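Reader: Please take a close look at the pockets in this model. Start with the second largest one, then set the largest beside it. I want to know what lines each.

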Amino acid sequence: MTELLTQDETGPEPVPETGAIHPLIGAARGAQNEFRLRRRARRVRLAAWAGLALLTFAPAIGVLAFPEQVVAAAPGSIGLYGWMGREVNIYGLEIRRVDLQHLIVDGRKVIAIKGELTNISSMERSIPMLRFGLRSKDNAEVYHWTLDTEVRPLRPGESTNFVTRLASPPDAAQNLEVRFARANEIGPDHGP
């Protein structure tokens, strides 16, 4: 009687002769080594390209990431930032919580402007003069004046308030602009 043997009952597959296995193992190791060398070369090549790209674009990234430092080192670059539509805060100060009030004092129109100045930098900052501009509906400036806050320098994170008033503002004035005065905007022929 013939018995049928299943796969499990047949035992392990026959092992090739010992002499035939060594060339296969050597070829597999050689293929693995070649694969590792190619992978390492590809990684080195990618790292070199990434390094070249980083060196190429690092100045542009620095210019975009640190505009205040760039303008402090090269003041003429502020025009480039303006062209890009970026406002650069070279003062390290921020004008906050501006409030405009329309008042009648002794029968005359008066506007009162209050706000807060905050040192947002990590160093003590002197406060430059503030410039207030009144603009018409079509954004044309109809009147401006400057204010010296005469406040001591602000420490990092410190704030101070400012207040200014203008009697008889122009009737065409519709909008208010508050910013720090530029050097050429300060003087006797630029104030009220």
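Author: The second largest pocket in this predicted model has a volume of about 200 Å³. Its lining is made of 15 residues. Closest to the centre are H102, I111, P169, P170 and A173. Three elements each give two or more residues to this lining: β1, β2 (108-119) and β6. The largest share comes from β1, with four residues. By residue class, the lining of the second largest pocket holds ten nonpolar, three polar and two charged residues.

Now the largest pocket. About 700 Å³ of space lies in it. Here 24 residues form the lining, and those closest to the centre are I78, V88, N89, I90 and Y91. Two helices and two strands each give two or more residues to this lining: α3 (67-73), α4 (78-83), β1 (93-105) and β6 (175-180). Helix α3 gives the most, with four residues. The lining of the largest pocket divides into twelve nonpolar, five polar and seven charged residues.

Put the two linings together by element. Strands β1 and β6 each give two or more residues to the largest pocket, and β1 and β6 also do so for the second largest. Helices α3 and α4 are listed for the largest pocket, while β2 is listed for the second largest. The top contributor is α3 in the largest pocket and β1 in the second largest.

Technical notes:
Residues are numbered from 1 along each chain as its sequence is written. This is a predicted model: local features need pLDDT of at least 70, side-chain atom pairs count only at pLDDT 80 or more; totals for chains, interfaces and linings use all residues. Side-chain values use heavy atoms; hydrogens and water are left out. On a 1 Å grid over the protein atoms alone, a cavity is a set of points where a 1.4 Å probe fits but cannot get out, and a pocket is an open set with protein on both sides within 12 Å along at least five of seven lines; lining residues have an atom within 4 Å of a point. Grid points are joined across faces, edges and corners, and a volume is the space filled by probe spheres set on the points. Ala, Val, Leu, Ile, Met, Phe, Trp, Tyr, Cys and Pro count as nonpolar, Asp, Glu, Lys and Arg as charged, and the others, Gly among them, as polar.
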